Amino acid sequence: MAEARRGRAAVALVALAAGAAGALGWAPAARAGAVPTPPPTQQPGPSGTQDPGAQDIEAQDLEEQAPAPQRPADAPAAADAPDAVDVDITALTSAPLRPDDVLAVGVRVTNGTDEPVEGLTAELRLQPDLLRTRDALGAWSGAPDDAAAGEVLLGEPLLQPLPPGRARDLVLRLPADELGLPGDDASWGPRGVAVDVVDARGSRLSADRGLVVWYLVADGAAVPDVDDPARVGVVVPLTGAAPDVGTALVPDAEMADLVDGGSEGSRGGVLGRLLEVAAVPGTTWALDPLLLDSSDPGTADPSADEASDGADDGAVPGQPGADGDAADDAADDAAGGAAATAPPDGATAPPAGAPRADTAADPTAGVAAWRADLLAAAPDHEVLALPRGDVDLLSVAAAEQPSLWAAGLRQGRASLARAGLVGSLQQTDPQQEDPPAGGEAGAGVRTDVVWPARGELGERGAALAAGRGAVAALLAPPGGGTSDGAAAVHLDAGATADGGEQGALTGLVEDADLTTLLERAATRGEDDPRAAARLLAETAVLARGGARDRSGGPAGALVVAPRGWDVDPGAATRALGALLDAPWTRAAPATGLPGGPGDADAGAGSGREGALPDRADGAPPPPLDPGVLTAVAGALATTDALDGTLTDGAPLTAARRSLVAAAALAHRGDDGWAAAAGAAADEVATLSGGVQLLQGGTVTVVGSQASVPVTVANDLGQDVRVVVAAASSSPRVRVRQDVATTVAAASRTQVLVPVEAVGGGDARLLLQLRSPDGGVLGPQVAVPVRVRLEWAEWGTAGVAALGGLVLLAGLVRSVRRVRRRPPGEGPRSSEPVVAAGAGPPPGATAEPRAAAGPPAGPGAGTPPSRTSPPGRPPPGSDTPEPHPHDDPQTRPRRPGAPPARRAGGAARTGAPVEESP
């Protein structure tokens with residue numbers, strides 16, 4: 001031990017001499033016994049990122065972040081610098097420290113006082129004891145400045161006075177084999193390091209602390225005390241864009257800014273940097289399908305089938321039987337043919353997320369190239385597809401409007417299908433009978449995992465998600481903190497929204513401490529190097545058994561980056577290397593963590609029981625207004641009712657997208673959201689109000705079978721197909737059948753509804769306009785109906801009575817005419833009366849006279865003893881004798897005197913009568 005101390009003292013003296021040489025402008029010499037720093041060469045790892053295990057890369061990072069010690073020009077102090085002398089660790093290795101490595105710590109000393117400070121020394125200390133628990137790691141990192149920090153290993157004096165308001169950067173280096181740590185393999189694990197700044201009297205003015213992981217195990221050898229590497233899942237969000245409610249897309253200018261950040265082709269925007277981080281192997285994506293539509297130049301026509309459950313079933317792009325990855329081809333064409341294509345021979349393909357040289361002049365092409373890179377990298381990752389627009393689950397559940405969530409899921413699946421990312425999806429909607437078939441592309445895409453805002457689910461949210469087929473949810477731990485190595489817990493989702501029973505829901509519980517460390521390590525403006533080093537130490541404790549799943553399986557941890565993460569890609573790559581590439585960890589998809597729904601090794605009883613987190617720390621933004629969401633859901637129901645009515649369904653698809661976009665999580669805190677959502681609902685009301693029943697007057701039914709006339713008005717610019725459904729409010733009237741009809745654009749038509757009357761009285765006929773699929777269109781129209789069956793009986797009786805009167809009148813007239821004739825008078829002949837000596841009547845033909853013997857002389861044919869009186873036909877003539885009463889002037893008027901009777905009825909036959917002498 002004494003020799004070790006003497007060696008460290010010699011190192012300190014050499015460092016002091018080197019510092020003096022640096023103050024004189026000389027290059028600092030290597031410390032005695034130190035391992036020289038190799039040249040700054042960067043060896044890309046298998047993922048195209050820097051290999052975090054290469055010590056030369058760490059040294060180069062340190063040189064970039066902390067310049068050479070004792071540089072003549074001091075940096076100005078930060079705006080939030082303390083009013084005293086302060087020291088901060090600016091660089092620290094986030095790779096395992098091996099005996100052949102050099103421990104290098106970047107330090108910044110800041111003078112926050114008003115006077116120059118001189119005689120300052122930066123000291124490097126080490127806590128040699130193994131930190132075995134996560135609580136011990138937290139206690140070391142949060143200890144006050146005056147707490148014990150181990151033995152001083154190295155001192156670096158500041159030879160020049162530090163002016164007020166200025167900061168000076170140092171790099172403290174010490175060979176790892178001089179740290180005095182144990183040399184056996186079982187001693188590996190986290191140790192604490194500290195940097196103090198002391199004045200000339202040796203008094204500690206400030207301190208900062210970090211962690212390193214001592215590791216002596218050879219590459220490829222089994223890690224001592226680790227039966228199974230800890231599984232770590234990292235969720236990277238590709239979300240956060242607020243859709244325009246009117247178009248249901250992210251505007252082009254905003255999308256270009258999200259990808260390139262105002263610098264065309266740079267990928268400097270939030271989404272451009274997030275995709276670079278998401279390309280790190282082993283990460284899981286939380287993807288909003290809205291981004292696929294908004295970045296696709298061919299999404300101008302929203303005509304895909306999203307209308308009803310199961311509309312996106314069957315063959316989809318990228319699947320067997322579909323049209324050969326048409327969505328990918330369209331993206332390639334939009335990106336100039338360079339997207340997702342193999343590089344020419346001898347060329348090197350750029351990593352996913354890298355800027356493209358052929359899109360620097362066209363923001364739209366830059367967005368299309370970003371989309372092509374996303375689609376190319378997606379098959380290598382688990383993709384948790386959210387509802388389109390990232391529907392706010394908690395707000396929708398609080399408003400009790402599950403239809404908005406279901407519509408978002410359907411639209412999200414349709415967007416994935418258009419992009420060719422539909423793989424072996426879990427069934428996410430009980431009403432969808434046939435989920436899309438599996439395929440190679442996008443085999444890791446899932447739509448059965450929900451991610452509520454801030455990881456707060458609640459009972460209503462759990463019931464809604466489970467009722468729509470969700471099997472897991474990304475959750476925050478109750479009260480924050482760690483997940484104790486158990487990333488999956490079983491939750492009781494309770495009853496579904498429709499009152500049915502629902503099984504357990506798996507909660508994928510985020511490790512809040514690890515998530516916070518990742519944010520500190522990789523968020524722009526923070527870039528805390530101590531956080532990345534602590535991530536490595538935390539996973540080491542997990543793997544050593546400081547926290548294990550209660551079922552006895554391997555430890556697991558889930559890290560969920562926040563939505564809209566303003567990430568530094570370089571710092572995030574180093575931090576993710578500490579999480580995923582350590583010898584004692586194994587990257588796992590989020591659902592593949594121990595006890596998760598995708599854990600192939602999960603057995604019966606794996607995981608543990610848990611409770612739903614009530615609320616995360618901090619005040620969340622207020623949820624979306626339930627009243628507005630209720631109106632939006634009502635408009636969505638109206639669009640469902642219009643299915644099959646419009647001959648052109650494109651307006652309905654566009655309306656549904658707008659209504660779902662109004663429920664997006666990104667609208668929280670947006671002052672103009674309520675007005676935009678109301679306008680979307682009004683558009684649907686206008687569409688629905690264009691087809692209506694016109695109110696009619698009272699209808700009177702007088703027969704058992706009748707038809708009620710109804711007018712259907714169509715004010716839309718296209719033909720509509722409707723059904724007039726009727727129901728009676730009284731058993732007196734029965735509706736025989738509903739009537740279907742087609743109404744031409746901008747016209748009206750009359751429909752006759754057949755009814756049957758079974759009793760007299762008043763009733764109401766309730767008329768309802770419906771779609772061919774049975775959807776209700778508009779309000780009911782009540783038509784008063786008066787049933788007067790007795791009127792028909794009265795009418796029949798009246799007609800019968802009138803007929804009887806007519807018959808009776810005819811009989812009376814006939815009888816009266818008979819009474820007017822004298823007694824014994826026969827019926828009048830219908831033959832006309834011809835006067836004596838007159839010829840036949842006009843138009844009559846004289847009948848030829850039959851021969852009665854030889855021709856006679858004058859006067860033949862007339863009896864010699866008889867003469868014909870005037871006005872009578874000659875004897876033997878066929879002409880009847882006229883009756884004396886036929887002439888009113890000659891009719892005798894002898895009242896009461898019986899007429900003379902003629903023998904043999906000669907008067908009726910017209911035979912001549914002989915007069916008596």
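Helix H5 (residues 270–278) and helix H14 (residues 569–580) pack against each other at an angle of about 25 degrees, and their axes sit 9 Å apart. Because angles under 35 degrees count as roughly parallel, H5 is roughly parallel to H14. Keep in mind as you look around that this is a predicted model. The chain has 917 residues, and 46% of them are buried. In terms of building blocks, you'll find 19 helices and 28 strands.

**The H5 and H14 pair**

- Two packed helices are described by the angle between their axes and the distance between the axes.
- On the H5 side, the residues that meet H14 are Arg-273, Glu-276 and Val-277.
- They come up against Pro-569, Ala-572 and Leu-576 in H14.
- The crossing of H5 past H14 is right-handed.

**An open sheet with helices on it**

- Which strands make up this sheet, and in what order? Four of them, running E5-E4-E7-E8, with antiparallel pairing.
- At the edges you'll find strand E5 (151–157) and strand E8 (204–214), each of which pairs on one side only.
- Neighbouring strands here are turned by 20 degrees against each other on average, direction ignored.
- Zoom in on strand E4 (residues 121–127) and you'll see 6 bridges joining E4 to E5, with the two running antiparallel.
- For a specific spot to look at, try Leu-126, whose bridge partner in E5 is Glu-151.
- Helix H3 (residues 134–141) packs on the sheet and touches E4, strand E7 (189–198) and E8. The direction of H3 makes about 150 degrees with that of E8.
- Helix H13 (residues 529–544) lies across E7 and E8, and runs at about 45 degrees to E8.

**A covered strand: E17**

- Is strand E17 (residues 556–560) mostly covered or mostly open? Mostly covered, as 5 of its 5 residues are buried.
- On one side of E17 sit Gly-556, Leu-558 and Val-560, and on the other Ala-557 and Val-559, so both faces are covered.
- E17 has strand E9 (residues 230–238) as a partner: 5 bridges join them, and they run parallel.
- To find one of those links, start at Arg-231 and look for Gly-556, the bridge partner of Arg-231 in E17.

**Strands E23, E27 and E28**

- Strands of a sheet pair through backbone hydrogen bonds, either parallel or antiparallel.
- Strand E23 (residues 720–728) and strand E27 (residues 761–770) are joined by 6 bridges and run antiparallel.
- E27 also pairs with strand E28 (residues 776–787), again in the antiparallel sense, over 9 bridges.
- Arg-770 in E27 is a handy landmark: it stands opposite Val-723, and it also stands opposite Val-776 in E28.
- E27 and E28 form a hairpin with 5 residues between the strands. In that hairpin, Gly-774 takes a positive phi near 100 degrees.

**Two loop residues with positive phi**

- Ala-248 has a phi near 60 degrees, a positive value in a residue other than glycine.
- Look for Ala-248 in the loop between E9 and helix H4 (252–260).
- Is Ala-248 buried or exposed? It is buried, because its relative accessible area is 1% and the cut-off for buried is under 20%.
- Glu-400 also isn't glycine, and its phi is positive too, near 55 degrees.
- The loop holding Glu-400 runs between helix H9 (393–398) and helix H10 (402–419).
- Glu-400 has a relative accessible area of 55%, so it counts as exposed, the cut-off being over 50%.

**A buried arginine**

- Where does Arg-668 sit? In the loop between helix H16 (650–661) and helix H17 (673–689).
- Arg-668 counts as buried because its relative accessibility is 16%, and buried means under 20%.
- What does the side chain of Arg-668 make a polar contact with? The side chain of Asp-392, at 2.7 Å.

**Across the whole chain**

- Take the contacts between residues at least 6 apart in sequence: 74% of them join residues at least 24 apart.

Key:
Residues are numbered from 1 along each chain as its sequence is written. This is a predicted model: local features need pLDDT of at least 70, side-chain atom pairs count only at pLDDT 80 or more; totals for chains, interfaces and linings use all residues. Side-chain values use heavy atoms; hydrogens and water are left out. Two strands pair if DSSP finds at least two bridges between them. Helices (H or I, at least four residues) and strands (E, at least two) are DSSP runs, numbered from the N terminus. Axes are lines fitted to C-alpha atoms, for helices over the stretch in contact, and angles run from 0 to 180 degrees between N-to-C directions. Contact means heavy atoms within 4.5 Å. Buried means under 20% relative accessible area, exposed over 50%, partly exposed in between (1.4 Å probe, protein chains only). A polar contact is a pair of N or O atoms within 3.5 Å; within protein, one must be able to donate a hydrogen and the other to accept it, and residues adjacent in sequence count only if both atoms are side-chain atoms. Angles under 35 degrees count as roughly parallel, over 145 as roughly antiparallel, 65 to 115 as roughly perpendicular and the rest as oblique. A crossing is left-handed if the near helix is turned anticlockwise from the far one by less than a right angle, and right-handed if clockwise.
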